[in-house]
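Thanks for coming. I'll walk through one structure this morning, starting with a pair of helices and then moving to the core and a few single residues.

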Amino acid sequence: MAKVLGPTEGKAGTLGMIGVRFMIPGEDTSERLALVEHPMPPRALAAPLHRHNREDEYSFVLEGRLGALLGDEVVYAGPGDLVYKPRNQWHTFWNPDDEPARILEIISPAGFERFFDELVDMGGVVTTEPAELGALCARYELDIRPETVPGLIERFDLRMPDQVAA
C-alpha cells in the first residue's frame, strides 16, 4: 500500500539526549527494515557506547553533521552521507556542531524501533531507572556501557541536555 508521510507526521518523542520521529515501522515492511528520524540538538551525544546484536543501523545525514565512533575509528558525515553501523560493533554517534542536525536511521532487520518507542514511553534515558533500562536493553539484545558517557562528552566536546524536545 502506498504511503506518504509528511514532514510533521508520525509519532515523535524524546529519547533523553536526542529526539525520535517514527516514520516506517517494521510491521509495514514484513520486519525487513524500519525508519526513524533523529533530530539532534547542538553538541548532543546520542547514546553511550553500545552494541546491537540483532540489527544493523544506517544513518543518513539530512542536515547538519554527524560524528560517529565505530569500533576505534572516528568518522564525520555531512548532508547526503551515509554511515553504516554493523551489528556486533561497539559504536556511538553525536552532533559535533553548534547547529542542530537531523538523520534518518534505517534499522535492518526491523524491531529495534520498538526499543525507541518503549524508551519514549518511559520518559527517555535521562529519567529511566537503571534497572528498567537494563531490562529494556536485554529485551532488545542491546549491550550498553553507560559509564562511557563522561569520557565521550569530554573527548568530543559535547554536552548533556537535561531534556530534548522532539
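At what angle do the axes of α1 and α2 cross? Before the answer, a reminder that this is a predicted model. The two axes cross at roughly 165°, and they come within 10 Å. An angle over 145 degrees counts as roughly antiparallel, so α1 is roughly antiparallel to α2. As for handedness, α1 passes α2 in a right-handed crossing.

Now the residues at that contact. From α1 we have Phe115, Glu118 and Leu119, and they meet Leu133, Leu136, Cys137 and Arg139 of α2. By character, five of the residues in this contact are nonpolar, two are charged and none is polar.

Next, the core. The largest nonpolar core has 31 residues. Which of them have the most contacts inside it? Those are Met40, Phe93, Phe115 and Phe116. Phe115 also belongs to the α1 side of the helix pair I just described. Several elements give two or more residues to this core: the strands are β2 (19-24), β3 (34-40), β6 (66-70), β7 (73-77) and β10 (101-108), and the helices are α1 (113-121) and α2 (130-139). The largest share comes from α1, which gives four residues.

Let me stay with Phe93 for a moment. Setting aside neighbours within four places in sequence, Phe93 is in contact with residues that include Ile18, His38, Met40, Leu45, Leu66 and Ile103. Lys85 and Glu105 are also among its contacts. Besides the largest core there is a second, separate one of nine residues, and Leu45 is among its members, along with Leu69, Ile153 and Leu158.

Two single residues to finish. The first is Gly19, in strand β2. Is Gly19 buried or exposed? Its relative accessible area is 0%, so Gly19 is buried. Gly19 and Ile106 are 87 residues apart along the chain, and their C-alpha atoms are separated by 15 Å.

The second is Thr148, which sits in the loop between β11 (142-145) and α3 (149-155). Thr148 has a relative accessible area of 13%. The cut-off for buried is under 20%, so Thr148 counts as buried although it is in a loop. What does Thr148 touch, leaving out residues up to four places away in sequence? The answer is Pro48 and Leu49.

That's what I have; I'll take questions now.

Terms used: Residues are numbered from 1 along each chain as its sequence is written. This is a predicted model: local features need pLDDT of at least 70, side-chain atom pairs count only at pLDDT 80 or more; totals for chains, interfaces and linings use all residues. Side-chain values use heavy atoms; hydrogens and water are left out. A nonpolar core is a set of buried Ala, Val, Leu, Ile, Met, Phe, Trp, Tyr and Cys residues joined through side-chain atoms within 4.5 Å. Buried means under 20% relative accessible area, exposed over 50%, partly exposed in between (1.4 Å probe, protein chains only). Contact means heavy atoms within 4.5 Å. Axes are lines fitted to C-alpha atoms, for helices over the stretch in contact, and angles run from 0 to 180 degrees between N-to-C directions. Angles under 35 degrees count as roughly parallel, over 145 as roughly antiparallel, 65 to 115 as roughly perpendicular and the rest as oblique. A crossing is left-handed if the near helix is turned anticlockwise from the far one by less than a right angle, and right-handed if clockwise. Ala, Val, Leu, Ile, Met, Phe, Trp, Tyr, Cys and Pro count as nonpolar, Asp, Glu, Lys and Arg as charged, and the others, Gly among them, as polar.
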